[in-house]
Each structure stands twice: as structure tokens, then as C-alpha cells.
Amino acid sequence: MEGVSVRKIKKICVFCGANSGKDVAFVNAAFHLGEVLGKRKIDLVYGGGKLGLMGCVSTVVAQHERQVLGIIPSAFTVNNLVGETCGKEIKVATMQERLVMMMELSDAFIALPGGFGTLEELFQMISWAQLSIHNKPIGVLNINGFFNGLLSFVDHAVKQEFITPRARKILISATTADELVDKLQAFRFESDPALSKLKWSPSSSQKEKLDLTLRL
């Protein structure tokens with residue numbers, strides 16, 4: 001990336017399935033992403049537990065002696081529902097609190113294949129970036145075309161003028177972990193002039209009650 005300034009990324013939050021998926025390539029990609037993060041000395045923030053792709057990524061990052069932080073709703077810890085978190089664990093009361101903490105503690109976000117939960121987390125972060133609540137890079141690791149349909153839909157929404165070309169740039173994609181991390185590091189946030197004027201910082205007395213549920 002000669003001639004391109006590089007964003008310093010110390011912690012990446014990974015969104016992915018608590019299942020392994022049908023294609024073994026998804027598991028292999030999750031393991032490889034863990035390897036890439038470990039070798040680049042990048043710490044992991046994730047949803048906690050050890051199930052599915054979440055367990056694959058976290059286990060490998062921990063093996064490289066990088067910090068692993070699982071942020072998990074207390075409801076999921078009852079009866080060891082999702083297994084033991086590989087690293088430090090923070091318990092929160094709600095799913096929304098979990099996502100806000102992930103946003104605050106991470107420098108960038110990667111989505112691997114997953115279901116509704118993964119998609120919600122991904123689009124929530126995109127929506128918050130569009131609203132200038134944060135300016136951190138967001139990408140999908142498009143393994144074996146898993147996200148092709150989603151990316152095509154987003155491009156369709158741009159053509160139908162529901163998503164602006166500027167906002168479309170928020171969502172990065174790549175087919176390999178190394179390429180995706182490189183793109184995240186090279187990302188330059190381009191805020192919407194109108195939305196960037198919004199004031200999202202609450203008063204100190206309200207900070208713990210911050211509610212970022214607004215979606216476009």
C-alpha cells in the first residue's frame with residue numbers, strides 16, 4: 001500500500017455465526033482470520049463463548065497470545081449456553097448494550113458468514129457510521145461468495161436512491177483476511193455534511209443511559 005496512509009488498528013471486533021455453517025471453507029476462513037489477527041498483533045473483540053465460527057476465531061487469536069474480549073449478555077451465560085469465552089469476558093444486560101460496548105472498544109469491524117444476529121450487528125454498525133456516531137471501518141469477509149447477494153442488494157438500494165454513493169463506501173468487502181485488513185487500514189471515512197452535524201454526545205449524567213437504536 002505504498003503512498004497510502006495506514007490507519008492504526010489495535011482491536012478488531014468480529015461478528016460471525018454461532019454455528020459453523022454448511023461449507024467447511026467458513027471454518028477454515030475463521031481460523032485463518034484468527035491467524036492473520038494474531039500475526040499482525042491485533043486483539044479481538046467478539047460476542048463471547050466458543051460456539052461455531054466465533055469459537056474458531058477466538059481460539060486462534062488467543063493461541064497467538066493476543067487479547068481476546070468477549071462481550072456477552074448475561075442471559076447467554078445461564079446453563080453455559082454458549083460455552084466458555086476464550087479470554088476476558090464482560091457481561092452486559094442487553095443486546096444493545098453489548099453492541100454499544102463493541103463499538104466503543106474496537107477500532108474496526110469484520111463480519112464473517114452468519115445469520116440474523118450477524119447481519120443485525122453489521123448493519124447497525126453501518127447505520128451508526130452513516131450517522132457519524134463513529135468513523136471506524138467495516139468490512140465483510142466474502143468467503144465463497146457468501147455475501148454476494150447482500151452486496152448486490154446494497155448496490156441495488158444505491159441504484160434506487162435509498163443509499164447514497166457516499167454511504168455505500170462505508171461497507172468494505174474482500175475475499176481474503178489479509179486483503180480485508182489492508183482495506184480496513186487504508187479506509188478513509190467520508191461523512192455526510194448534514195449528518196456529521198448531529199450531536200450524539202450525551203451529558204455526563206445521561207451517558208450510561210445512551211440509547212443508539214436509531215436506524216435509517
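**Helix H1 and the nonpolar cores of a predicted model**

**View 1. The C-terminal side of helix H1 in the predicted model.** Helix H1 is followed by Lys41, a residue with a positive phi, near 60°. The helix itself covers residues 24-39, 16 residues in total. From its first C-alpha to its last, H1 reaches 23 Å, close to the 22 Å expected at 1.5 Å a residue.

**View 2. The N-terminal cap of H1.** Asp23 caps this end of the helix. One of its side-chain oxygens lies 2.9 Å from the backbone nitrogen of Ala25. Ala25 is itself among the buried residues of H1.

**View 3. Buried residues of H1 and their cover.** In addition to Ala25, the buried residues of H1 are Phe26, Val27, Ala29, Ala30, Leu33, Gly34, Val36, Leu37 and Gly38. An α-helix has 3.6 residues a turn, so residues three or four places apart point the same way. The cover over the buried residues of H1 includes strands E1 (11-15), E2 (43-46), E5 (108-111) and E6 (138-141), together with helices H2 (52-63) and H7 (177-186).

**View 4. The largest nonpolar core.** This core has 33 residues, of which Ile12, Val14 and Leu112 touch the most other members. At least two residues each come from E1, H1, E2, H2, E5, strand E7 (171-174) and H7. H1 supplies the largest share, 8 residues.

**View 5. Contacts of Ile12 and a separate core.** Not counting residues up to four places away in sequence, Ile12 touches Leu37, Ile42, Asp43, Leu44, Val45, Ala108, Ile110, Val181 and Leu184. Apart from the largest core lies another, of 28 residues, including Leu122, Ile126, Val140 and Leu150.

Notes. Residues numbered from 1 in each chain as written. Predicted model: local features only at pLDDT ≥ 70, side-chain atom pairs only at ≥ 80, totals over all residues. Heavy atoms only, no water. Helix = DSSP H or I, 4+ residues; strand = E, 2+ residues; numbered from the N terminus. Expected span 1.5 Å × (residues − 1). Buried < 20%, exposed > 50% of the residue type's maximum accessible area, 1.4 Å probe, protein only. Contact = heavy atoms within 4.5 Å. Polar contact = N/O pair within 3.5 Å; in protein donor to acceptor, adjacent residues only side chain to side chain. Core = buried A, V, L, I, M, F, W, Y, C linked by side-chain atoms within 4.5 Å.
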